[in-house]
Amino acid sequence: MAHLLREVGLDFVGTAPVRHVFAREISAPPETVFHALAEDVPGWPEWFAAVTLARPLDDGARREVRLRGGTRFEETILAAKSPDVYAYRVDLTNAPGARAMVEEWRLAPAGTGTRVQWTFAVDGTAPFRFACGLAKAGLGRAFRGAVGALDRRLT
């Protein structure tokens, strides 16, 4: 059953009770990576294995995302500043125990490529926070796999 999450801003990325930050350098330039993240939302399932559906809503101001296993999200875009940052807040999800979620993608030049940093910031019930803490290794693997696949797709 889907439920509404607390409305938080981009500052939540720095204050969330649970924060996981992952980074990896890839060969694609920042502008190209930003385009894949922010402007080609339907293309996410082609490079992010956990994503089965991603589609923009409200002329790109929001998104609908579905993951393998059945988790669903409706999100609001908090920042889309090319080529530096793309971030979104989860407004509605069927993930039990979630109270607030923001994901931020930061892009920085790294030689001729890009340093991609993903921050996963969440709050929720104690069991939800505990489970998200345990999920760090799996989220890291998912991030590395997705960004690697994205780089192969873009170069």
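Pro83 sits in the loop between strand S5, residues 72-81, and strand S6. In this predicted model, the peptide bond from Ser82 to Pro83 is cis, with omega near -5°. As background, most peptide bonds are trans, and most residues other than glycine have a negative phi.

That second point leads to another loop, the one between strand S3, residues 51-57, and strand S4, residues 62-67, where Asp58 is placed. Asp58 is not a glycine, yet its phi is positive, near 50°. Asp59 is found in the loop between S3 and S4 as well, and Asp59, again not a glycine, has a positive phi of about 55°. Is Asp59 buried or exposed? Asp59 counts as exposed, because its relative accessibility is 88% and the cut-off for exposed is over 50%.

Asp58 also brings us to the charged pairs. Side chains of opposite charge can pair when their charged atoms come close. How many salt bridges does the structure hold? There are eleven salt bridges, and I shall discuss some of them. The side chain of Asp58 meets that of Arg62 in a salt bridge, at 3.3 Å from N to O. Arg62 is partly exposed, with a relative accessible area of 22%.

A further salt bridge joins the side chains of Glu64 and Arg55, with an N to O distance of 2.5 Å. Here Glu64 is buried, at a relative accessible area of 10%, whereas Arg55 is partly exposed, at 40%. Glu104 and Arg106 form another salt bridge, their closest N and O atoms being 3.1 Å apart. Glu104 is buried, with a relative accessible area of 6%, while Arg106 is partly exposed, with 36%. Besides these pairs, there is a network: Arg6, Asp123 and Arg129 are joined into one by salt bridges that share partners.

Two members of that network, Arg6 and Asp123, are also among the residues that Ala100 touches. Ala100 lies in strand S7, residues 98-110. Why does Ala100 count as buried? The reason is that its relative accessibility is 0%, and buried means under 20%. Leaving aside residues up to four places away in sequence, the contacts of Ala100 also include Leu5, Val8, Phe12, Ala121 and Val122. Pro127, for comparison, is 27 residues from Ala100 in sequence, and their C-alpha atoms are 14 Å apart in space.

I turn next to Asp91, which lies in strand S6, residues 85-93. Asp91 counts as buried, at 12% relative accessibility. Which residue stands 87 places from Asp91 in sequence and 5.7 Å from it in space, C-alpha to C-alpha? That residue is Leu4. Leu4 is also one of the residues that Asp91 touches, together with His3, Leu5, Arg62, Glu74, Glu75 and Thr76, when residues up to four places away in sequence are not counted. Arg62 in that list is the salt-bridge partner of Asp58 described earlier.

Finally, the surface. Arg24, Arg141, Arg144 and Arg152 form a positive patch there. Which element supplies the largest share of the positive patch? The answer is helix H5, residues 136-154, with three residues. Arg141 is found in helix H5, and Arg141 is exposed, with a relative accessible area of 54%.

Terms used. Residues are numbered from 1 along each chain as its sequence is written. This is a predicted model: local features need pLDDT of at least 70, side-chain atom pairs count only at pLDDT 80 or more; totals for chains, interfaces and linings use all residues. Side-chain values use heavy atoms; hydrogens and water are left out. Patches are made of residues with over 30% relative accessible area and no salt bridge: like charges are joined within 9 Å, nonpolar side chains (Val, Leu, Ile, Met, Phe, Trp, Tyr) within 5 Å. Accessible areas come from the Shrake-Rupley method with a 1.4 Å probe; for residues, only the protein chains shown count as cover. A salt bridge is a side-chain nitrogen of Lys or Arg within 4 Å of a carboxyl oxygen of Asp or Glu. Lys and Arg count as positive and Asp and Glu as negative; His and the chain ends are not counted. The place of a charge is taken as NZ of Lys, CZ of Arg, CG of Asp or CD of Glu. Helices (H or I, at least four residues) and strands (E, at least two) are DSSP runs, numbered from the N terminus. Buried means under 20% relative accessible area, exposed over 50%, partly exposed in between (1.4 Å probe, protein chains only). Contact means heavy atoms within 4.5 Å.
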